[in-house]
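Ready for some practice at reading a protein structure? Take a look at the sequence and the model below, then work through the exercises one by one.

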Amino acid sequence: MECKGRSSWFVVLAVLWASASWAITSPLKATIIDRYGNQHQVDKFTFQGRQDLEIYIQDQRKLMPLEKVARLRFEGERGDEEQRIVLVLRNGSEEKAVMQTGSSSSPHQDAVGGGSSGRRFAGVTTLGPFSILASDVREIVLRHPVGELPPADKILKASIITTEGKRFEVEDLLFRGKQRLDFFRGRNKRFIPLAKVERIDFQDGAIGEEFRPITATYWTGKTVMGTVEASTVRLSGETDRSYFERVNKAFTGESGSGPFGIGMHAVRHIRFKKDKSAAEMETGEESALEK
Amino acid sequence: MALRRGHNQARKWLLTGALIAIFAVIGGCASTSSSSGRSYGPPLIPEGKGRLLIQAGGINEVNFYVIDEETGEEVHAESPRTSGSSPIGYESGSRSMPQFVDLDPGKYLVVVNTDIDDSVEKEIEVVMGQDVYVSIPVGRFQVIFSDSQGRSQVPFLIYDYNLRTMLGRGMTSTEVRYFIVPVGEYKVRIENSPTGLDEIRPVQVSMGQTQNILIGPPPSPAQPGEGGTEAGQP
């Protein structure tokens with residue numbers, strides 16, 4: 001009798017514990033179609049345990065969050081080390097990219113940490129844990145919650161003024177492929193979302209110093225100060241290409257005359273232009289609040 | 001007779017009391033909780049708060065910060081690790097508990113900084129009185145560079161697998177030192193022009209696993225009476 005009472009207490013405690021704690025896992029669901037045409041309905045969908053894809057668009061590395069993707073199609077062969085992929089995004093646009101898929105037939109024997117490709121999609125099916133090599137996948141259709149809006153993508157427009165006084169009007173401004181500027185506050189790395197910033201002023205660092213102080217002013221009036229890496233020194237082991245991109249293509253975008261790129265050491269000011277739709281939305285919200 | 005029985009009873013009570021006192025003293029010494037209420041393991045969640053726990057595959061020290069999604073303000077930050085390129089960094093191994101922080105209920109963005117440009121971000125919701133475990137997909141590797149003098153400090157670069165983009169830099173150490181990166185495949189390059197050394201090593205980082213990259217002549221086996229040997233390549 002006493003034993004029964006104890007076990008019921010254990011059950012109650014276990015239920016309480018289970019309801020009081022949980023681990024954050026991927027909320028993504030997907031339908032994976034392999035090269036034989038088999039479909040797999042997968043929950044808690046991830047790629048290498050991550051919720052983003054490492055892809056190359058026009059040879060520039062980019063981390064694409066899976067929550068932005070509606071559909072992903074692999075156009076290469078199973079044995080290809082890297083494959084051309086077509087991404088259909090949730091906002092309707094389509095991107096062609098290259099993705100490292102790793103060949104299942106030729107594992108990297110010299111790779112420290114494993115002789116087989118770790119590039120796998122994983123998740124959970126009704127039958128249990130599921131994983132598949134990226135090279136065995138033909139297509140992935142992501143199933144996002146009905147009614148959930150895709151993350152808004154803004155096209156940032158800005159005027160960039162260089163240290164020489166030249167001015168460039170740039171569209172789709174990105175910092176190393178992202179819409180955020182990484183900076184240091186002391187020795188701590190932080191980021192500034194470029195979509196929320198009105199202006200960034202770069203000050204001159206001392207000669208030979210690798211960092212430049214910056215002051216970013218948000219649209220809300222908040223200011224953030226820190227330093228950014230602006231070194232032009234070539235590092236030991238750096239390839240020509242990575243050195244050129246690091247030094248001359250910190251900020252990239254599109255100008256009237258074509259692709260635009262500038263190094264961190266050469267920027268004096270960045271003035272962002274307020275998105276008209278965002279401004280209209282803000283004024284709409286303000287008027288609604290007044291009412 | 002009755003007097004004797006009374007004496008025995010009193011003796012019994014005294015013995016029992018003494019035993020209880022001894023057990024209480026021993027128990028008090030061996031107890032995990034102190035008089036101040038502190039104990040091993042995480043303390044209780046303060047009233048009105050929820051708890052965020054970082055699960056980083058056995059890595060108990062990561063640099064992270066938490067942003068309130070409503071206000072955009074940073075509400076908590078911890079930076080116990082030095083930069084990967086700093087020459088003074090080493091593993092202390094002092095922490096036995098995963099990192100945690102007690103927060104007001106609400107939605108937050110947890111950002112974990114790694115030793116490369118890519119950070120790991122997770123959106124979470126903290127509920128009052130409850131634990132939220134955030135799984136951070138990061139792994140770690142160690143670069144052990146040794147020359148004729150033994151282990152030494154040399155700078156190296158961390159690239160993506162295609163060697164297209166430099167993602168970060170590091171400095172090897174004579175001590176144990178790990179570099180934390182998001183799970184994935186990378187390449188490590190050490191170039192030392194004066195000696196003609198140029199090594200490029202692929203490394204596959206998985207969550208919860210530690211990789212050792214040995215560059216240079218293998219360390220000599222330990223002589224009897226010497227300390228432990230270095231870990232070899234798996």
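A polar contact is a pair of N or O atoms within 3.5 Å; within protein, one of them must be able to donate a hydrogen and the other to accept it. Keep that cut-off handy, and remember that the model is predicted.

**Exercise 1.** Find out where Arg246(A) sits, and decide whether Arg246(A) is buried or exposed.

*Solution.* Start with the element: Arg246(A) belongs to helix 2 of chain A, residues 240–248. Next, check the accessible area. Buried means under 20% relative accessible area. Arg246(A) has 14%, so this residue counts as buried. Now look at the neighbours: leaving out residues up to four places away in sequence, Arg246(A) touches residues of chain A including Arg176(A), Val233(A) and Glu238(A), and also Met166(B). Finally, use the polar cut-off: a polar atom of the Arg246(A) side chain lies 3.3 Å from the backbone oxygen of Ser231(A).

**Exercise 2.** Describe the interface of chain B and chain A, going from its extent to its charged pairs.

*Solution.* Begin with the contacts: 55 residues of chain B meet 49 residues of chain A. Together the two chains bury about 4,200 Å², with 43% of that on carbon and sulfur atoms. Then turn to the charges, where the rule finds 10 salt bridges across the interface. One of them joins the side chains of Glu121(B) and Arg180(A), at 2.2 Å from N to O. Which strand of chain B gives the most to the side that touches chain A? That's strand 13 (residues 184–192), with 6 residues. Sort this side of chain B by class and you get 23 nonpolar, 16 polar and 16 charged residues.

**Exercise 3.** Work out how the side chains of strand 4 of chain B are arranged, and find the partner strand.

*Solution.* Here's the rule to start from: in a regular strand the side chains alternate between the two faces of the sheet. Strand 4 (residues 100–103) of chain B shows this: Val101(B) and Leu103(B) point to one face and are buried, whereas Phe100(B) and Asp102(B) point to the other and are not. As for the partner, strand 1 (residues 50–55) of chain B pairs with strand 4 in the antiparallel sense over 4 bridges. Within that pairing, Gly50(B) stands opposite Leu103(B).

**Exercise 4.** Say how strand 9 and strand 10 of chain A are joined.

*Solution.* First the pairing: strand 9 (residues 120–125) and strand 10 (residues 128–133) run antiparallel over 6 bridges. Then the link: the two strands form a hairpin with 2 residues between them. Thr125(A) stands opposite Gly128(A).

Notes:
Residues are numbered from 1 along each chain as its sequence is written. Chains are lettered from A and ligands numbered from 1 in the order in which they are written. This is a predicted model: local features need pLDDT of at least 70, side-chain atom pairs count only at pLDDT 80 or more; totals for chains, interfaces and linings use all residues. Side-chain values use heavy atoms; hydrogens and water are left out. Contact means heavy atoms within 4.5 Å. Buried area is the accessible area (1.4 Å probe) that two parts lose on being put together, summed over both. A salt bridge is a side-chain nitrogen of Lys or Arg within 4 Å of a carboxyl oxygen of Asp or Glu. Ala, Val, Leu, Ile, Met, Phe, Trp, Tyr, Cys and Pro count as nonpolar, Asp, Glu, Lys and Arg as charged, and the others, Gly among them, as polar. Two strands pair if DSSP finds at least two bridges between them. Buried means under 20% relative accessible area, exposed over 50%, partly exposed in between (1.4 Å probe, protein chains only).
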